[in-house]
Amino acid sequence: MMIARWHIDARFGHKQTVIDALKKWCGDIGAQVGWSADKLRITTGSIGALESTIELEVSVQDLAELNDSWTKLGAIEAHKQWSQNLEPYVVSATPRWEILRVV
């Protein structure tokens, strides 16, 4: 099993906007690629992490499953539009993925 974490930093004053948009994305778009609510978790910075950091954590079996999901995401027009709508609320160059292996 693996955990894929998508990190983004919200612009000052827009953290809740990003969280709300991500929650909506999970139900609308994440579900289309097989990421049900039990596979997803949203976390945010608190102590020892930037308060502006928001993470989407996805549980997957392996890299093949993650790759399949990313391929499906690329074909969903609503995902592209969602990304464009979110862009003004995110600090440029902060989105990144980290992949962790569960032991």
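A residue is called buried here when its relative accessible area is under 20%, exposed when that area is over 50%, and partly exposed in between. With that in hand, let us walk through this predicted model one view at a time.

**Figure 1. The whole protein, with 37% of its 103 residues buried.** Welcome to the overview. The protein has three helices and four strands, and from the N terminus on these elements follow the order β-α-β-β-α-α-β. With a radius of gyration of 13 Å, close to the 13 Å that the globule rule gives for 103 residues, the protein is as compact as a globular protein of that length. Along the principal axes, its C-alpha atoms fill a box of roughly 35 × 35 × 25 Å. Among contacts with a separation of 6 or more, 77% are between residues 24 or more positions apart. About 6300 Å² of the protein is exposed, and carbon and sulfur atoms supply 55% of that area.

**Figure 2. Helix α3, residues 77-86, and its buried side.** Start with His-79, Trp-82 and Leu-86, which are the buried residues of this helix. These three cover an arc of only 60° around the axis, which puts them on the same side of α3. A reminder about helices helps here: an α-helix has 3.6 residues a turn, so residues three or four places apart point the same way. What do the buried residues of α3 pack against? Their partners are β1 (2-9), α1 (15-28) and α2 (63-74). Now look at the face turned away from the buried side, where you will find the exposed residues Glu-77 and Gln-84.

**Figure 3. A nonpolar patch on the surface, about 350 Å² in area.** Four residues make this patch: Leu-63, Trp-70, Trp-97 and Ile-99. Helix α2 and strand β4 (96-101) each supply at least two residues to the patch. Ile-99 sits in strand β4 and, with a relative accessibility of 35%, counts as partly exposed.

**Figure 4. Trp-70 of helix α2 and its neighbours.** Is Trp-70 buried, partly exposed or exposed? Its relative accessible area is 33%, so Trp-70 is partly exposed. Leaving aside residues up to four places away in sequence, Trp-70 touches Trp-35, Trp-97 and Ile-99. Two of these names may be familiar, since Trp-97 and Ile-99 also belong to the nonpolar patch. For a sense of distance, find Leu-50: the C-alpha atoms of Trp-70 and Leu-50 are 27 Å apart in space, while the two residues are 20 apart in sequence.

**Figure 5. Glu-65 and Lys-39, joined by a salt bridge.** Side chains of opposite charge can pair when their charged atoms come close. The count for this protein comes to six salt bridges. In the one shown here, the closest N and O atoms of Glu-65 and Lys-39 are 2.5 Å apart. Glu-65 lies in helix α2 and Lys-39 in the loop between α1 and β2 (40-44), so the pair ties together parts that are 26 residues apart in sequence. Lys-39 counts as partly exposed, at 24% relative accessibility.

**Figure 6. A salt-bridge network of Arg-5, Arg-41 and Glu-57.** Within this network, the side chains of Glu-57 and Arg-41 meet with an N to O distance of 2.6 Å. Because Glu-57 lies in strand β3 (residues 53-60) and Arg-41 in strand β2, the pair ties together parts that are 16 residues apart in sequence. Which of the labels buried, partly exposed and exposed fits Glu-57? At 11% relative accessibility, Glu-57 counts as buried, whereas Arg-41, at 48%, counts as partly exposed.

**Figure 7. Glu-98 and Arg-96, another salt bridge.** Here the closest N and O atoms of the two residues are 3.5 Å apart. Glu-98 is partly exposed at 30% relative accessibility, and Arg-96 is partly exposed with a relative accessible area of 44%.

**Figure 8. Ala-93 in the loop between α3 and β4.** What is the phi of Ala-93? The angle is positive, about 70°, although Ala-93 is not a glycine. With a relative accessibility of 81%, Ala-93 counts as exposed.

Key: Residues are numbered from 1 along each chain as its sequence is written. This is a predicted model: local features need pLDDT of at least 70, side-chain atom pairs count only at pLDDT 80 or more; totals for chains, interfaces and linings use all residues. Side-chain values use heavy atoms; hydrogens and water are left out. Buried means under 20% relative accessible area, exposed over 50%, partly exposed in between (1.4 Å probe, protein chains only). The arc is that of the directions from the helix axis to the C-beta atoms. Contact means heavy atoms within 4.5 Å. Patches are made of residues with over 30% relative accessible area and no salt bridge: like charges are joined within 9 Å, nonpolar side chains (Val, Leu, Ile, Met, Phe, Trp, Tyr) within 5 Å. Accessible areas come from the Shrake-Rupley method with a 1.4 Å probe; for residues, only the protein chains shown count as cover. The radius of gyration is taken over C-alpha atoms; the globule rule is 2.2 Å times the number of residues to the power 0.38.
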